[in-house]
Amino acid sequence: MSACRCACGYDADSADDLTDHLGEQYIPADDMAPADTALGGTVHAEAANDNRACVCGFAAGSAQALDAHLLDVFTPSDRIGADGCHHSARDEAV
Ligand SMILES: [Zn+2]
Ligand SMILES: [Zn+2]
């Protein structure tokens, strides 16, 4: 569906697939949030013993909510991913 297409042209199978795609583009290897975001300079990742909580202390309550938290934290203001391309869900108001 077009609602699951990324601005870079990536055609996701589902909203979850698109979330995974955006996470791959935005989340750095060290899990450090970019400096230009609200929680910049802190580490965010799935807690080792709980896939519904973030190591920052955020209790998401579900794996989907945790994914949403991680994307919130890691999405740069310019939405430019690691490959230098613009990534965002087509149905978002940008
Ligand atoms: Zn976090
Ligand atoms: Zn993309």
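**Entry 1. Zinc ion (ligand 2)**

I began with the geometry at the zinc ion (ligand 2), in what is a predicted model. The angles among its 4 donor atoms run from 105 to 114 degrees, and the site is tetrahedral. For reference I noted that the ideal angle for four tetrahedral donors is 109.5 degrees. I then looked up the donors of this ion: they are Cys6 (SG), Cys8 (SG), His21 (NE2) and His87 (ND1), at 1.8 to 2.3 Å. Written along the sequence, the spacing of these donor residues is C-x1-C-x12-H-x65-H. Within this set, Cys8 and His21 link distant parts of the chain, being 13 residues apart. Cys8 sits in the segment before helix 1 (15-26), and His21 belongs to helix 1 itself.

I checked whether these two donors are buried or exposed. His21 has a relative accessible area of 8%, so I put it down as buried, the limit being under 20%. Cys8 comes out at 34% and is partly exposed.

**Entry 2. Zinc ion (ligand 1)**

Next I turned to the zinc ion (ligand 1). Which residues coordinate it? I found His44 (ND1), Cys54 (SG), Cys56 (SG) and His69 (NE2), at distances of 1.9 to 2.4 Å. This site is also listed as tetrahedral, with 4 donor atoms at angles of 100 to 117 degrees. The donor spacing in sequence reads H-x9-C-x1-C-x12-H. I looked up the accessibility of both cysteines: Cys54 is buried at 5%, while Cys56 is partly exposed at 39%.

**Entry 3. Cysteines and disulfides**

How many disulfides does the whole structure hold? My search returned 0. I followed up on Cys85, which is in no disulfide. The nearest cysteine sulfur to that of Cys85 belongs to Cys8 and lies 6.5 Å away, and a disulfide needs the two sulfur atoms within 2.5 Å, so the pair does not count. Cys85 is partly exposed, with a relative accessible area of 36%.

**Entry 4. Helix 1 against helix 2**

I looked at how helix 1 meets helix 2 (residues 63-74). Their axes come within 10 Å and cross at roughly 35 degrees. The crossing is left-handed. On the helix 1 side the contact is made by Asp16, Thr19, Leu22, Gly23 and Tyr26. On the helix 2 side I listed Gln64, Asp67, Leu71 and Phe74.

**Entry 5. Gln25**

I then picked out Gln25, a residue of helix 1. Its relative accessibility is 16%, so Gln25 counts as buried. What does Gln25 touch, leaving aside its neighbours within four places in sequence? I recorded Gly81, Ala82, Asp83 and His87. The last of these, His87, is also a donor to the zinc ion (ligand 2). I noted one C-alpha separation as well: Gln25 and His86 are 61 residues apart along the chain, with their C-alpha atoms 9.6 Å from each other.

**Entry 6. Positive phi**

Last I looked up backbone phi. Most residues other than glycine have a negative phi. Asp31 is not a glycine, yet its phi is positive, about 60 degrees. I located Asp31 in the loop between helix 1 and strand 1 (46-47), and it is partly exposed at 24%. Arg79 likewise has a positive phi, near 60 degrees. Arg79 is in the segment after helix 2, and its relative accessible area of 22% makes it partly exposed.

Conventions:
Residues numbered from 1 in each chain as written. Chains lettered and ligands numbered in written order. Predicted model: local features only at pLDDT ≥ 70, side-chain atom pairs only at ≥ 80, totals over all residues. Heavy atoms only, no water. Donors = N, O, S within 2.8 Å, 3.2 Å for Na, K, Ca; no water. Tetrahedral: all angles 85-135°; square planar, octahedral: opposite > 155°, others 65-115°. Helix = DSSP H or I, 4+ residues; strand = E, 2+ residues; numbered from the N terminus. Buried < 20%, exposed > 50% of the residue type's maximum accessible area, 1.4 Å probe, protein only. Axes fitted to C-alpha atoms, helices over the stretch in contact; angles between N-to-C directions. Left-handed = near helix turned anticlockwise from the far one by under 90°. Contact = heavy atoms within 4.5 Å.
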